[in-house]
Amino acid sequence: MRKRGGNGGAEVFRITGARQGLAEDVRGRQRRYVISMAIRTVSVILTAVLWNVERPVAIVTLVFGALLPYVAVVIANAGRENAPGLPSTFVPAATRPMIASGPAVTPAEPGAEDRA
């Protein structure tokens, strides 16, 4: 955030428009990847346990366990997210209202001077 001293000509930046830090972004992507790989591990274990008990469920868990790594890698490698819905990051300085001049003077009618 940047601010100049005094009241006149202050330049203010909105903190709500700032993107999250790079370290936080990487940490979030790593956490999503680890969670999805834990789900994959559970899926593979369920496949082994259910193979002779409920074969259709075991096949579903096998397919899920086979497809999840691809989805997890695509999600983890996605770039940083842009925030198009956030407000502008710059707030322009307030402008001072101009002092209004006196009442407007209308010119006399062009033929009024000739008649007098």
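**Exercise 1. Determine which residues of α2 are buried in this predicted model, and what covers them.**

Solution.
Step 1. The buried residues of α2 are A58, T61, G65, L68, A72 and A76.
Step 2. The cover over these buried residues includes α1.
Step 3. The relation can also be read from the other helix: the buried residues of α1 pack against α2, which spans residues 55-76. On the α1 side, the buried residues are D25, G28, R29, S36, M37, S43 and T47.

**Exercise 2. Compare the end-to-end reach of α1 and of α2 with the expected value for each, and locate the bend in α2.**

Solution.
Step 1. Helix α1 has 29 residues, and the distance from its first C-alpha to its last is 42 Å. This is close to the 42 Å expected at 1.5 Å a residue.
Step 2. Helix α2 has 22 residues and reaches 32 Å between its first and last C-alpha atoms, close to the expected 32 Å.
Step 3. At L68, α2 bends by about 30°. A proline, P69, follows within four residues.

**Exercise 3. Classify S36 as buried or exposed, then describe its surroundings.**

Solution.
Step 1. S36 is located in helix α1, which covers residues 22-50.
Step 2. Its relative accessibility is 11%, and the cut-off for burial is under 20%, so S36 counts as buried.
Step 3. A polar atom of the S36 side chain lies 2.8 Å from the backbone oxygen of Y33.
Step 4. When neighbours within four places in sequence are left aside, S36 is in contact with L68 and A72. Both L68 and A72 appear among the buried residues of α2.

**Exercise 4. Identify the residues that form the salt bridge and describe where they lie.**

Solution.
Step 1. The structure holds 1 salt bridge. R29 forms it with D25, and the closest N and O atoms are 3.1 Å apart.
Step 2. R29 and D25 both belong to helix α1 and are 4 residues apart, about one turn of the helix.
Step 3. Both R29 and D25 are buried. For R29 the relative accessibility is 17%, which is why R29 falls in the buried class.
Step 4. Leaving aside neighbours within four places in sequence, R29 is in contact with I75, A76, N77 and A78. Of these contacts, A76 is listed among the buried residues of α2.

**Exercise 5. Assign V42 to an accessibility class and state how far its C-alpha atom is from that of G65.**

Solution.
Step 1. V42 lies in helix α1.
Step 2. The relative accessible area of V42 is 47%, so V42 is partly exposed.
Step 3. V42 and G65 are 23 residues apart along the chain, and their C-alpha atoms are separated by 8.4 Å. G65 is one of the buried residues of α2.

**Exercise 6. Summarise the protein as a whole: its elements, burial, contacts and exposed area.**

Solution.
Step 1. The protein has 3 helices and 2 strands. Read along the sequence, their pattern is β-α-α-β-α.
Step 2. Of the 116 residues, 14% are buried.
Step 3. Among contacts with a separation of 6 or more, 69% join residues 24 or more positions apart.
Step 4. The exposed area is about 9,800 Å², of which carbon and sulfur atoms supply 64%.

Key
Residues are numbered from 1 along each chain as its sequence is written. This is a predicted model: local features need pLDDT of at least 70, side-chain atom pairs count only at pLDDT 80 or more; totals for chains, interfaces and linings use all residues. Side-chain values use heavy atoms; hydrogens and water are left out. Buried means under 20% relative accessible area, exposed over 50%, partly exposed in between (1.4 Å probe, protein chains only). A polar contact is a pair of N or O atoms within 3.5 Å; within protein, one must be able to donate a hydrogen and the other to accept it, and residues adjacent in sequence count only if both atoms are side-chain atoms. Contact means heavy atoms within 4.5 Å. A salt bridge is a side-chain nitrogen of Lys or Arg within 4 Å of a carboxyl oxygen of Asp or Glu. The expected span of a helix is 1.5 Å times one less than its number of residues. Accessible areas come from the Shrake-Rupley method with a 1.4 Å probe; for residues, only the protein chains shown count as cover. The bend at a residue is the angle between axes fitted to the seven residues ending there and the seven starting there.
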